[in-house]
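Work through the exercises below with the sequence and the coordinates at hand. Each task is followed by a solution that goes step by step.

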Amino acid sequence: VEVKKSEIKTSVSPTGVRSSDLKIGGGERVQPGYLVAADIVAKVVEVNAETGAVEREESVLVDTRKLGRQLVFSFGNKPQGPITRGLLESVGEMRQGGRRVVVVPPAMAFGADGAALAGNVTVPPNATVQYDIELARVSVPPS
């Protein structure tokens, strides 16, 4: 179900991760160990310290829509690549078919060290990362 622009609400977790649903999924709920296939656009952003609103996009880390290839990962395992602890925290509340924008503070993203990702992409130290994630498939892993 698409969320009307006027009805989009932002929730903030105790860790500072901000999530806004754009589409409520109706499929399988994400569970630890499940395989997730998702379209992800991840960007380094600058946020307003008082409001938490994104003020400026600085760089794109990954855009699976542009690449034409979804990112597949096992939910609940150690974060890797562009997936961060903050994103996993938010995805744990989603269902297949859902889409949300997640703003992850540096402590729940790549921290004070930043990171080097595939394709010569560098995440600067203390970067806030914004994700636009849509869960295309959520499934029990093969046994």
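**Exercise 1. Determine in which sense β3 and β4 pair, over how many bridges, and what the turn between them contains.**

Solution. In this predicted model, the strands β3 and β4 run antiparallel to one another and are paired over 7 bridges. As a check on the register, take Glu46 in β3, whose bridge partner in β4 is Arg56. The two strands form a hairpin with 6 residues between them, and in that turn Gly52 has a positive phi of about 80°.

**Exercise 2. Find which other strands pair with β3, and state how many of the residues of β3 are buried.**

Solution. Begin with β9, which pairs with β3 in the antiparallel sense over 11 bridges; within this pairing, Ile40 has Ile133 of β9 as its bridge partner. Continue with β5, where the pairing with β3 is again antiparallel and extends over 4 bridges, with Ser74 of β5 as the partner of Leu35. Finally, consider the exposure of the strand: taking buried to mean under 20% relative accessible area, 10 of the 13 residues of β3 are buried, so that β3 is mostly covered.

**Exercise 3. Classify Val72 and Ser90 as buried or exposed, and describe the surroundings of each.**

Solution. Start with Val72, which is placed in strand β5, residues 71-74. Its relative accessible area is 52%, and because the threshold for exposed is over 50%, Val72 counts as exposed. Leaving aside residues up to four places away in sequence, Val72 touches Val36 and Ala37. A distance to Val62 completes the description: the two valines are 10 residues apart in sequence, while their C-alpha atoms are 13 Å apart in space.

Turn next to Ser90, which belongs to helix α2, residues 85-91. With a relative accessible area of 2%, Ser90 is buried. Its contacts, again without residues up to four places away in sequence, are Val17, Ser19, Arg100 and Val102. With one of these, Ser19, the side chain of Ser90 makes a polar contact of 2.7 Å.

**Exercise 4. Place Ser19 in its strand pairing, and describe the strands that β2 pairs with.**

Solution. Ser19 stands opposite Val102 in β6, and the strands concerned, β2 and β6, run antiparallel and are joined by 5 bridges. Both Ser19 and Val102 also appear among the residues that Ser90 touches, which links helix α2 to this pair of residues. On the pairing with β1, 3 bridges join β1 (residues 10-12) to β2 (residues 18-23), once more in the antiparallel sense, and Val12 stands opposite Arg18. The hairpin of β1 and β2 has 5 residues between the strands, and Gly16 there takes a positive phi near 95°.

**Exercise 5. State how many residues the largest nonpolar core has, and identify which elements supply at least two of them.**

Solution. The largest nonpolar core has 32 residues, and those with the most contacts inside it are Ile40, Leu61, Phe110, Tyr131, Ile133 and Leu135. At least two core residues are supplied by each of β3, β4, α2, β6, β7, β8 and β9. Such an arrangement can be set beside a general tendency: in soluble globular proteins, nonpolar side chains tend to be buried together. Leu61 serves as an example, since its contacts beyond four places in sequence include Ala42, Val44, Phe110, Leu117, Val121, Val123 and Val129.

**Exercise 6. Give the volume of the largest pocket, and establish which residues and elements line it.**

Solution. The volume of the largest pocket is about 320 Å³. Its lining consists of 16 residues, of which Leu61, Val62, Asp63, Leu67 and Ala118 are the closest to the centre. Two or more lining residues come from each of β4 and α1 (64-67), and the largest share, 4 residues, is that of β4. Leu61 thus takes part both in the core and in the pocket lining.

**Exercise 7. Locate Asn120 and Asn126, and describe their phi values.**

Solution. Asn120 lies in the loop between β7 and β8 and has a positive phi of about 55°, although it is not a glycine. At 79% relative accessibility, Asn120 counts as exposed. Asn126 lies in the loop between β8 and β9, and its phi, near 55°, is likewise a positive value in a residue other than glycine.

Technical notes:
Residues are numbered from 1 along each chain as its sequence is written. This is a predicted model: local features need pLDDT of at least 70, side-chain atom pairs count only at pLDDT 80 or more; totals for chains, interfaces and linings use all residues. Side-chain values use heavy atoms; hydrogens and water are left out. Buried means under 20% relative accessible area, exposed over 50%, partly exposed in between (1.4 Å probe, protein chains only). A polar contact is a pair of N or O atoms within 3.5 Å; within protein, one must be able to donate a hydrogen and the other to accept it, and residues adjacent in sequence count only if both atoms are side-chain atoms. Contact means heavy atoms within 4.5 Å. A nonpolar core is a set of buried Ala, Val, Leu, Ile, Met, Phe, Trp, Tyr and Cys residues joined through side-chain atoms within 4.5 Å. Two strands pair if DSSP finds at least two bridges between them. On a 1 Å grid over the protein atoms alone, a cavity is a set of points where a 1.4 Å probe fits but cannot get out, and a pocket is an open set with protein on both sides within 12 Å along at least five of seven lines; lining residues have an atom within 4 Å of a point. Grid points are joined across faces, edges and corners, and a volume is the space filled by probe spheres set on the points.
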